[in-house]
Amino acid sequence: QAHYDLALSQLLEALSLFEKLDDLSGQAEALNYIGNVYLSVGNYPDSLEYTLRTLDIRQILHDQAGEALALNNLGYLYLYMQDCPKALDYLQQCLQLSREIGYTEAEAHALDNSCNLYCALKEYDNALRCGFKSLQLYRKLGNALAEAEALNSIGDVYQAQGNLSQALSSFHNALQISQELGNQFEVVMAL
């Protein structure tokens with residue numbers, strides 16, 4: 001918790017400086033990180049406030065890549081808040097914008113989050129379609145860490161379906177990648 005408090009304090013100070021400098025890009029970055037810190041500690045209302053402010057500034061700046069990431073973050077946040085209709089709306093907006101501008105990484109993130117969303121809705125075919133598409137894109141990008149995350153998401157879908165052998169296979173593949181990368185968080189998630 002102390003690390004989050006320190007990060008939040010420093011980010012709020014940075015935000016204040018960017019505001020004094022009228023640096024909208026810097027403000028958007030600080031707001032995004034503040035929203036992520038609040039999400040990490042489970043403070044969803046503040047996370048939502050800062051992430052929406054991030055989106056507003058990205059749109060003012062016509063920063064479509066930043067806008068796509070903010071839309072994805074909002075989808076992810078609403079998923080955590082169990083507001084599936086809003087999560088789906090923001091993730092769909094992210095997917096559309098990401099594809100329009102060719103931002104493959106944001107598209108892959110939104111697909112992975114959509115996999116988790118559809119799993120929560122028990123729409124397993126849609127979940128697997130999104131999960132495997134995100135996995136394909138992460139592999140194309142060479143992002144092994146995100147590949148492990150996608151494999152964990154796919155494993156969660158198979159587990160929810162009761163297809164334990166497929167779930168175990170996905171978790172095992174995620175575990176192997178995570179161990180190779182030394183990523184303890186994904187190792188725990190795969191276990």
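**Helix packing exercises**

Leaving aside neighbours within four places in sequence, S170 touches L151, I154, G155 and Y158 (contact means heavy atoms within 4.5 Å). We're looking at a predicted model, where local features need pLDDT of at least 70, side-chain atom pairs count only at pLDDT 80 or more, and totals for chains, interfaces and linings use all residues. Residues are numbered from 1 along each chain as its sequence is written, and side-chain values use heavy atoms, with hydrogens and water left out.

**Exercise 1.** Work out where S170 is found and whether S170 is buried or exposed.

*Solution.* Start with the address: S170 belongs to helix α9, residues 164-181 (helices are DSSP runs of H or I, at least four residues, numbered from the N terminus). Next, accessibility: S170 has a relative value of 7%, so it counts as buried (buried is under 20% relative accessible area, exposed over 50%, partly exposed in between, with a 1.4 Å probe and protein chains only).

**Exercise 2.** Describe how α4 and α5 pack: which way do they cross, and which residues meet?

*Solution.* First, the geometry. The axes of α4 (residues 64-80) and α5 (residues 84-101) come within 8 Å, crossing at roughly 155° (axes are lines fitted to C-alpha atoms over the stretch in contact, with angles from 0 to 180 degrees between N-to-C directions). That angle makes α4 roughly antiparallel to α5 (the label for angles over 145 degrees; under 35 is roughly parallel, 65 to 115 roughly perpendicular and the rest oblique). Second, the handedness: α4 passes α5 in a left-handed crossing (the near helix is turned anticlockwise from the far one by less than a right angle). Third, the residues. From α4 come Q64, A65, E67, A68, L71, N72, L74, G75, Y76, Y78 and L79, and they meet K86, A87, Y90, L91, Q93, C94, L97, S98 and I101 of α5. Finally, sort that α4-α5 contact: 13 nonpolar, 5 polar and 2 charged residues (Ala, Val, Leu, Ile, Met, Phe, Trp, Tyr, Cys and Pro are nonpolar, Asp, Glu, Lys and Arg charged, the others, Gly among them, polar).

**Exercise 3.** Zoom in on Y78: which residues does Y78 touch, not counting those up to four places away in sequence?

*Solution.* Place Y78 in α4 to begin with. At 6% relative accessibility, Y78 counts as buried. Its partners are L48, D83, K86, A87 and Y90. As a distance check, Y78 and S153 lie 75 residues apart in sequence and 17 Å apart in space, C-alpha to C-alpha.

**Exercise 4.** Compare the span of α7 with what its residue count predicts, then say what its buried residues pack against.

*Solution.* Helix α7 (residues 124-141) has 18 residues, so at 1.5 Å a residue it should span 26 Å (that's 1.5 Å times one less than the number of residues). The end C-alpha atoms are 25 Å apart, which agrees. Now the buried residues: Y124, A127, L128, C130, G131, S134, L135, L137 and Y138. They pack against α6 and α8 (144-161). Just after α7 sits G142, with a positive phi near 75°.

**Exercise 5.** Where are D22 and H62, and are D22 and H62 buried or exposed?

*Solution.* D22 isn't a glycine, yet its phi is positive at about 55°. D22 sits in the loop between α1 (2-20) and α2 (24-40), and is exposed at 64% relative accessible area. H62, also a residue other than glycine, has a positive phi near 55°. Its loop lies between α3 (44-60) and α4, and at 68% relative accessibility H62 counts as exposed.

Notes
Helix = DSSP H or I, 4+ residues; strand = E, 2+ residues; numbered from the N terminus.
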